[in-house]
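Visitor: I would like a close look at one part of this model, and at how that part fits in with its surroundings. Could you take me through it slowly?

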Amino acid sequence: QMKKNQNITPYLPAIDQAVRRLTKGHSSAVLWFTGLSGSGKSTIANSVEKKLVESYCAHTYLLDGDNIRNGINSDLGFSLSDRSENIRRVGEIAKLMADAGLIVLTAFISPLRVDRDQCRALIGTDTFLEIFIDCPLEDCTARDPKGLYAKAQAGEILEFTGVSSPYEAPTRPDLILKTNQQTIEACTLNVIEILTERGILTGKHKVNG
């Protein structure tokens with residue numbers, strides 16, 4: 001393991017997270033959407049972000065698994081160690097964005113509990129909300145929007161979550177959304193409700209119902 005540079009001293013900026021939150025009109029948060037491929041993580045995260053921007057004038061940013069892997073994490077594969085590094089980097093990025101006062105939405109399978117727990121510890125329990133997109137494997141396989149399950153079952157994709165690589169469901173998520181039973185609209189409203197309950201959205205900047 002590479003040693004950390006001992007000559008680095010963190011710089012403390014004059015403007016802190018509390019001030020940045022005030023300029024935004026809402027608290028910052030990291031909404032961590034986790035679930036199997038095809039469960040609806042990106043769909044729900046996009047719907048929530050649209051609602052936050054249009055109805056609450058919220059300052060947001062969406063980090064999506066495929067997009068991140070095409071950029072900053074393009075050097076990583078899909079072994080468990082690479083998956084853990086993928087999530088570690090995303091956690092660091094999300095922490096910086098939350099420090100800037102944003103509501104950050106992340107859509108990643110993030111299959112291992114230990115990786116998600118480390119992100120929660122890094123970002124802070126008051127800021128990190130784990131949202132479990134609870135959709136049975138058979139439903140995800142039937143949907144197979146990208147044709148990945150078919151390829152995995154044919155042996156064309158190795159280390160595919162739910163088929164040849166494990167997924168560890170959250171034991172105590174902040175919110176559970178059952179996309180095989182609930183509509184996109186209902187799931188979106190559930191997320192808005194918990195943001196309001198946690199005091200992240202105050203309602204004073206709400207522009208629509």
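Guide: Happy to; what follows is a walk along helix 8, then outward to the parts around it. Please keep in mind that this is a predicted model.

Let us set the scene with the whole chain. The protein chain has eight helices and five strands, and along the sequence they come in the pattern α-β-α-β-α-α-β-α-β-α-α-β-α. Of its 209 residues, 44% count as buried. Residues 24 or more positions apart make up 74% of the contacts in the protein chain that have a separation of 6 or more.

Now to helix 8 itself. Helix 8 covers residues 184-197, 14 residues in total, and runs 20 Å from its first C-alpha to its last, close to the 20 Å expected at 1.5 Å a residue. Which residues of helix 8 are buried? They are C187, T188, V191, I192, I194 and L195. These residues cover an arc of only 160° around the axis, which puts them on the same side of helix 8. A general point helps here: an α-helix has 3.6 residues a turn, so residues three or four places apart point the same way. On the other side of helix 8, E185 and E197 are exposed. Just after helix 8 comes G199, with a positive phi of about 80°.

What do the buried residues of helix 8 pack against? Their partners are strand 1 (29-34), helix 2 (41-56), strand 4 (128-133) and strand 5 (175-177). V191 is a good residue to zoom in on. Neighbours within four places in sequence left aside, V191 is in contact with L31, F33, V48, I131, L175 and L177. The largest nonpolar core has 25 residues, and L31, F33 and V191 touch the most other members of it. Strand 1, helix 2, strand 3 (103-107), strand 4, strand 5 and helix 8 are the elements that give two or more residues to this core. There is also a second, separate core of 16 residues, with L102, F108, C119 and I123 among its members.

Helix 2 is one of the packing partners of helix 8, and it can be read in a similar way. The 16 residues of helix 2 should span 22 Å at 1.5 Å a residue, and its end C-alpha atoms are 21 Å apart, which agrees. Buried in helix 2 are K41, I44, A45, V48, E49, L52, S55 and Y56. They cover an arc of only 165° around the axis, which puts them on the same side of helix 2. The cover over the buried residues of helix 2 includes strand 1, strand 2 (60-64), strand 3, strand 4, strand 5 and helix 8. V48 is thus a residue to select on screen: V48 is buried in helix 2 and is in contact with V191. After helix 2 comes C57, whose phi is positive, near 50°.

Strand 4 is another partner of helix 8, and it brings us to the aromatic residues. The count of aromatic pairs comes to four. In one of them, the rings of F132 and Y167 have their centres 6.2 Å apart and their planes at 25°, so the pair is stacked. This pair links distant parts of the chain, with F132 in strand 4 and Y167 in the loop between helix 7 (148-153) and strand 5, 35 residues apart. F132 counts as buried because its relative accessibility is 9%, under the 20% limit. Elsewhere, W32, F108 and F128 form one aromatic cluster.

Two further sites round off the tour. M97 is in helix 4. Neighbours within four places in sequence aside, M97 is in contact with Y61, L63, L102 and V104. M97 and V30 lie 67 residues apart in sequence and 8.7 Å apart in space, C-alpha to C-alpha.

The other site is F78, in the loop between helix 3 (65-69) and helix 4 (80-99). Is F78 buried or partly exposed? At 43% relative accessibility, F78 counts as partly exposed. Beyond its neighbours within four places in sequence, F78 is in contact with R69, R83 and E159. The charged end of R69 sits over the ring of F78, 3.9 Å from its centre. F78 and F160 are 82 residues apart in sequence and 8.0 Å apart in space, C-alpha to C-alpha.

Note on methods: Residues are numbered from 1 along each chain as its sequence is written. This is a predicted model: local features need pLDDT of at least 70, side-chain atom pairs count only at pLDDT 80 or more; totals for chains, interfaces and linings use all residues. Side-chain values use heavy atoms; hydrogens and water are left out. Helices (H or I, at least four residues) and strands (E, at least two) are DSSP runs, numbered from the N terminus. The expected span of a helix is 1.5 Å times one less than its number of residues. Buried means under 20% relative accessible area, exposed over 50%, partly exposed in between (1.4 Å probe, protein chains only). The arc is that of the directions from the helix axis to the C-beta atoms. Contact means heavy atoms within 4.5 Å. Rings of Phe, Tyr and Trp (its six-membered ring) pair if their centres lie within 6.5 Å; planes under 30 degrees apart count as stacked, over 60 as edge-to-face and the rest as tilted. A charge sits over a ring if NZ of Lys or CZ of Arg is within 6 Å of the ring centre and within 35 degrees of the ring normal. A nonpolar core is a set of buried Ala, Val, Leu, Ile, Met, Phe, Trp, Tyr and Cys residues joined through side-chain atoms within 4.5 Å.
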